[in-house]
Amino acid sequence: MCGIFGMITKDDRPLGEVLLEAGRRLAYRGYDSIGCATLDGEGKTDLRKDVGRIDDVNARLHFPEMKGRRGMVQLRWATFGAPSPVNAQPHYDSDGDLVGAHNGNIVNQVALREAFLSEGMTVRGTNDGESCVHAVERYVDRGYAMPEAVRLATRDLQGDYAFVIAHVNDDVLYAVKQGSGLVAAITEDAAFVASDLPSILPLSRNMLRLEDGEMVVLRPGHAEVFKLSDGSRVDRQPQEVDISVKAAEKGGYPHFMLKEINEQPQVAAELLHWLDASPDVQPFIDEMAAARRLYLVGCGTSYHACLLGAAQLNRLAGIPAVADLAPHFRETLARTLGPEDVVIWVSQSGETKDVLSALKAARPSGVRNLAVFNVLGSSLMHAADRYLPLACGYEVSVPATKTYLNQALLFSYIADRLSATPGTTPWNRFPLLVENTITRCDARVRELADELVAIEDLYCLGYGVTYGVALEGALKLKEVTYAHCEGMLSSEFKHGPLSAVTNGYPVLFVTTPEDTRMIVSHVSEVSCRGGRTIAFGPADPLLQINVDSLIEVQDAGPAMTPLLTVLPLQLLSYHLSVTRGIDPDFPRNLSKTLTVD
Ligand code: M6R
């Protein structure tokens with residue numbers, strides 16, 4: 001997830017070291033390139049940026065040499081435009097009068113880029129952050145003063161973003177918050193703005209909270225807030241905050257896993273904006289629809305998203321998509337592929353060796369290799385013929401949560417677009433449904449975690465579209481609680497595992513309205529033998545009288561409900577992990593990216 005930091009002081013001074021340190025504090029968000037810009041009192045600018053780790057880039061570009069009274073640093077996590085020096089931020093406008101950097105996604109950047117070029121501007125890269133700078137340039141060129149130009153520019157930018165920008169000919173720093181995080185802070189002779197608290201905290205604790213739809217105008221010792229809608233001033237005073245840098249990195253949450261679970265409404269909204277607007281989406285969907293055979297292939301959590309995605313494509317769009325585990329695919333179906341077939345390789349990291357090896361094995365068949373991943377610039381991006389990004393930002397915690405949701409969301413959205421009634425699912429409600437589900441389930445799930453704290457063995461069962469969700473719930477539980485939890489198709493349970501059930505033996509069931517009738521039958525097989533049955537899904541009278549506990553999830557229709565059912569399972573895994581004294585972010589023996597066979 002990108003990070004920006006900007007500052008303004010009373011006089012020219014060595015700002016490079018301060019910017020570098022602020023960049024280091026933003027690094028926990030993840031990045032692939034870094035850049036710093038300074039502006040001095042004489043109107044001179046200095047911009048240095050490159051791809052790589054902060055210390056390596058600094059060794060080449062010597063950020064501490066940079067001087068000025070205004071400065072900014074940006075760490076880029078590529079979503080639009082591959083990681084490259086020209087796409088690294090900050091960016092100049094056409095003639096170098098403006099310098100700015102952003103955080104978030106500008107979803108109409110392709111159309112904007114064409115418009116800027118046709119208006120005669122110099123557009124150097126394909127990064128959407130550059131669009132923010134040219135959008136302001138457009139209004140400066142039309143004669144608007146900077147505050148008004150910044151405000152008007154935001155009308156042309158679609159998406160969730162925040163940006164910071166400065167003009168060489170004034171002594172002010174401007175920043176906008178429109179869907180991405182942004183905080184401001186002041187001291188007696190300086191002012192700061194940043195994507196989040198950790199980069200500012202060592203410099204000031206006098207914080208000014210900003211809201212979406214606001215612009216902050218920074219001068220040394222002052223921060224004024226204005227509404228983007230009409231330019232009117234907002235009366236808001238800075239407040240002292242008392243929080244450590246470490247706690248701030250986790251957004252105030254005790255663990256990254258919980259932070260990332262709670263980021264899901266935001267990342268889902270960003271992905272949906274992007275899926276609606278990006279010109280890359282329709283060609284991807286066209287290839288899926290035209291495939292003779294369509295396979296969704298991944299490992300671990302990504303495979304579970306493939307299972308759910310294939311089920312959604314089958315059920316909503318009538319497309320016979322098949323999900324498989326990458327090494328299994330490599331040894332079986334990969335031997336039967338042809339040029340009319342399409343494989344979608346699904347991965348958070350884009351570096352999983354099992355996935356890359358299977359792709360390599362499939363390539364000689366002439367199959368079309370599409371990909372879905374979170375890390376732009378990854379090996380999978382370079383290996384694929386076409387790709388869609390997950391737009392989740394950096395996922396720190398080893399257990400995947402927000403990337404699973406966006407993988408499942410991406411396939412469900414496409415299945416809905418390929419259905420006989422496209423556009424009937426109200427996807428714009430989805431982020432709020434995710435937020436409400438997390439909020440409403442949490443207390444009940446905490447109680448359940450207390451009840452199950454000593455459990456060392458359990459099952460998590462699903463049927464139909466929730467089969468993949470059950471496998472994902474089971475994986476999350478075993479990964480962060482160290483208990484043995486087996487995920488399975490609920491109908492398979494009677495074919496052997498049922499012998500594990502004794503009095504009070506816990507079995508979790510994941511269900512949606514389509515599967516409830518069958519699930520109820522499988523619940524009965526357990527409960528009549530004294531097992532403890534706990535269901536996750538929408539309320540249903542038949543289900544309610546048959547299970548011991550129901551963790552209720554709202555019924556939001558066949559496209560969205562299966563996506564919501566994973567949320568209480570993520571929360572249950574998290575709370576059980578913490579209750580059992582385990583650090584869920586870094587479970588023993590596991591690694592976030594598996595680059596070995
Ligand atoms: O980066 P990938 O999605 O390709 O990783 C695949 C698995 O290693 C991964 O999903 C793993 O199962 C999760 N970290 C579990 O939470």
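**Sheets, helices and selected residues of the predicted model**

Cys36 of S2 stands opposite Val73 in S4. In this predicted model, S2 and S4 run antiparallel and are joined by seven bridges. Strand S2 is likewise joined to S3 by seven bridges, again in the antiparallel sense, and in that pairing Ser33 stands opposite Val51 in S3. S2 and S3 form a hairpin in which five residues lie between the strands. Within the turn of this hairpin, Gly43 has a positive phi of about 85°.

The residues of S2 alternate in direction: Ser33, Gly35, Ala37 and Leu39 point one way, while Ile34, Cys36 and Thr38 point the other way. Both sets are buried. Because seven of the seven residues of S2 are buried, the strand is largely enclosed by the rest of the structure.

These strands belong to an open sheet of eight strands, with antiparallel pairing and the order S3-S2-S4-S1-S10-S9-S11-S15. The edges are formed by strand S3 (45–51) and strand S15 (239–240); each has a single partner strand, so one side of each is left without a neighbour in the sheet. Elsewhere in the order, strand S9 (residues 183–186) pairs with strand S10 (residues 190–194) through four bridges in the antiparallel sense. In this pair, Val183 stands opposite Ala194 in S10.

Two helices pack on the eight-stranded sheet. Helix H1 (residues 16–26) touches strand S1 (3–14), strand S2 (33–39) and strand S4 (67–76). The direction of H1 makes about 160° with that of S1. Helix H2 (residues 54–61) also packs on the sheet, touching S2, S3 and S4. The direction of H2 makes about 130° with that of S3.

A further open sheet has five strands in the order S17-S16-S18-S19-S20, with parallel pairing. Its edge strands are strand S17 (322–325) and strand S20 (386–389), each of which pairs on one side only. From one strand to the next, the twist averages 20°. S16 and S17 run parallel and are joined by four bridges; the bridge partner of Leu296 in S17 is Ala323.

Helix H12 (residues 353–362) has as its buried residues Val355, Ser357, Ala358, Leu359 and Ala362. The cover over these residues includes three strands of the parallel sheet, namely strand S16 (294–298), strand S18 (342–347) and strand S19 (368–373). Helix H11 (326–331) and helix H13 (379–383) are also included in the cover.

Two further positions were examined individually. Asp515 lies in the loop between strand S23 (506–510) and helix H17 (516–527). Its relative accessible area is 4%, and Asp515 is therefore buried. Apart from neighbours within four places in sequence, Asp515 is in contact with Arg315, Tyr463, Gly464, Val465 and Thr466. The C-alpha atoms of Asp515 and Ser229 are separated by 47 Å, the two residues being 286 residues apart along the chain.

Ile545 lies in helix H18 (residues 541–546). Ile545 counts as exposed because its relative accessibility is 71%, above the cut-off of 50%. Along the chain, Ile545 and Val520 are 25 residues apart, and their C-alpha atoms are separated by 9.5 Å.

At the level of the whole protein, there are 20 helices and 25 strands. The protein is divided into domain 1 (3–90 + 163–249), domain 2 (253–425) and domain 3 (427–588). The C-alpha centres of domain 1 and domain 3 lie 43 Å apart. Along the principal axes, the C-alpha trace spans about 80 × 55 × 45 Å. A compact globule of 597 residues would have a radius of gyration near 25 Å, and the protein has 25 Å, which agrees.

Of the 597 residues in the protein, 60% are buried. Among contacts with a separation of 6 or more, 71% are between residues 24 or more positions apart. The protein exposes about 21600 Å², of which carbon and sulfur atoms supply 50%.

Methods:
Residues numbered from 1 in each chain as written. Predicted model: local features only at pLDDT ≥ 70, side-chain atom pairs only at ≥ 80, totals over all residues. Heavy atoms only, no water. Pairing = 2+ DSSP bridges. Contact = heavy atoms within 4.5 Å. Axes fitted to C-alpha atoms, helices over the stretch in contact; angles between N-to-C directions. Rg over C-alpha atoms; globule rule 2.2 N^0.38 Å. Buried < 20%, exposed > 50% of the residue type's maximum accessible area, 1.4 Å probe, protein only. Areas by Shrake-Rupley, 256 points an atom, 1.4 Å probe, with all protein chains shown as cover. Domains from an automatic or database assignment.
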